[in-house]
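User: I am new to reading protein models, and I would like a close look at one small part of this one. Please start from a single residue and then work outwards, step by step, so that I can follow along on the screen.

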Amino acid sequence: MAIRELKVCLLGDTGVGKSSIVCRFVQDHFDHNISPTIGASFMTKTIPCGNELHKFLIWDTAGQERFHSLAPMYYRGSAAAVIVYDITKQDSFHTLKKWVKELKEHGPENIVMAIAGNKCDLSDIREVTIKDAREYAESIGALVVETSAKNAINVEELFQGISRRIPPLDPHENGTNGAMKLRRQSIQSTNRCC
Ligand SMILES: Nc1nc2c(ncn2[C@@H]2O[C@H](COP(=O)(O)OP(=O)(O)OP(=O)(O)O)[C@@H](O)[C@H]2O)c(=O)[nH]1
């Protein structure tokens, strides 16, 4: 089975739970006292997808404003970006929109965008509705899912959803854009599972 290395970055306000999502995905662990990220941190995890193995090279960026200028280093060359907001903080949803704008202007052309509304275990104090998130995601062609790193809800599904949106390599066509686009369309229309 072919292994593909896929760079993925996480972006979003400080405190929305980016590191916690990565920690849940890679180590199946949640730390209530996790420290804010300084600069960025890096982890990897490999999952199967169809006839391929996807090795995610995950760059978890720091959400604090003072680190904003470092972000291009992490989204450049990324196959996918996970943009995270906290469903209990409307402000974090506004910040998410700024990240999407920046990615559209300066990010890789075909980057897969996935929106994660984290802390869905706190849905009784939510400030962002799933309807708003879905409408926005649809308007930009992004995947959207509500997650809870704390309760292990939809974290695996988030990365599986990203995997499904990555066009498979076609060995006969040397991965040309045309072939990749065709294969991508057929995957999206069949919505197959990894
Ligand atoms: N209730 C709840 N709390 C969460 C969840 N995910 C993260 N947290 C908490 O939110 C706080 C911030 O989590 P982090 O993962 O450090 O957030 P971050 O986005 O990586 O923050 P920066 O590194 O500063 O960018 C921590 O206290 C976490 O324990 C979740 O799904 N539910």
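Where in the chain is alanine 152 found?

Analyst: Please keep in mind from the start that this is a predicted model. Alanine 152 is found in the loop between β6, which covers residues 143-146, and α5, which covers residues 155-165. Its backbone deserves a careful look, since alanine 152 is not a glycine and yet has a positive phi, near 55 degrees. Most residues other than glycine have a negative phi, which is the background against which to read that value. As for its surroundings, alanine 152 counts as partly exposed because it has 15 C-beta neighbours inside 10 Å, whereas a residue would need 20 or more to be called buried and 12 or fewer to be called exposed.

Two other residues can be set beside alanine 152. Lysine 119, also not a glycine, has a positive phi of about 70 degrees, and it lies in the loop between β5 (112-118) and α4 (130-140). Its surroundings are described by another word, however: lysine 119 is buried, because 27 other C-beta atoms lie within 10 Å. Aspartate 28, which comes just after α1, takes a positive phi of about 50 degrees.

If you now follow the chain from alanine 152 into the helix α5, you reach the place where α5 meets α1. The two helices pack at an angle of about 85 degrees, with their axes 9 Å apart, and this makes α1 roughly perpendicular to α5. On the side of α1 the contact is made by Ile21, Arg24 and Phe25, and on the side of α5 by Val155, Glu156 and Phe159. Divided by class, the residues of this contact are 4 nonpolar and 2 charged, with no polar ones. When you look at such positions, it helps to remember that an α-helix has 3.6 residues a turn, so residues three or four places apart point the same way.

Helix α1 is itself worth a slower look, since it is mostly covered, with 8 of its 10 residues buried. The buried ones are Lys18, Ser19, Ser20, Ile21, Val22, Cys23, Arg24 and Phe25, and they pack against β1 (2-11), β2 (40-49), β3 (52-61), β4 and β5 as well as against α5. Helix α1, residues 18-27, also gives the largest share of the shell around the ligand, namely 3 residues. That shell has 22 residues, of which Gly17, Ser20, Pro36, Thr37 and Gly63 come nearest to the ligand. By class, the shell is made up of 12 polar, 6 nonpolar and 4 charged residues.

From there you can turn to the inside of the protein. The largest nonpolar core has 45 residues, and the members that touch the most others are Ala81, Val82, Ile83, Met113, Ala114 and Ile115. Strand β4, residues 80-86, gives the most to this core, with 6 residues. To see what such a member touches, take methionine 113: leaving aside its neighbours within four places in sequence, it is in contact with Ala81, Ile83, Val100, Leu103, Ile140 and Ala142.

A residue of strand β2 offers a contrast with the core. Phenylalanine 42 lies in that strand, and it is exposed because 10 other C-beta atoms lie within 10 Å. Beyond its neighbours within four places in sequence, phenylalanine 42 is in contact with Ile58 and Trp59. The C-alpha atom of phenylalanine 42 is separated by 13 Å from that of isoleucine 21, a residue you met above in the contact of α1 with α5.

Another residue to find is arginine 126, which lies in the loop between β5 and α4. Arginine 126 counts as partly exposed because it has 17 C-beta neighbours inside 10 Å, and, apart from neighbours within four places in sequence, it is in contact with Ile87 and Thr88.

Finally, step back to the whole chain. Its secondary structure comes to 6 helices and 6 strands, which follow one another along the sequence in the pattern β-α-β-β-α-β-α-β-α-β-α-α. Of its 194 residues, 38% are buried. Among contacts with a separation of 6 or more, 70% are between residues 24 or more positions apart.

Key
Residues are numbered from 1 along each chain as its sequence is written. This is a predicted model: local features need pLDDT of at least 70, side-chain atom pairs count only at pLDDT 80 or more; totals for chains, interfaces and linings use all residues. A residue is near a molecule or strand if its C-beta atom, placed from the backbone, lies within 6 Å of it. Helices (H or I, at least four residues) and strands (E, at least two) are DSSP runs, numbered from the N terminus. Ala, Val, Leu, Ile, Met, Phe, Trp, Tyr, Cys and Pro count as nonpolar, Asp, Glu, Lys and Arg as charged, and the others, Gly among them, as polar. A nonpolar core is a set of buried Ala, Val, Leu, Ile, Met, Phe, Trp, Tyr and Cys residues joined through C-beta atoms within 7 Å. Two residues are in contact if their C-beta atoms, placed from the backbone, lie within 7 Å. Axes are lines fitted to C-alpha atoms, for helices over the stretch in contact, and angles run from 0 to 180 degrees between N-to-C directions. Angles under 35 degrees count as roughly parallel, over 145 as roughly antiparallel, 65 to 115 as roughly perpendicular and the rest as oblique.
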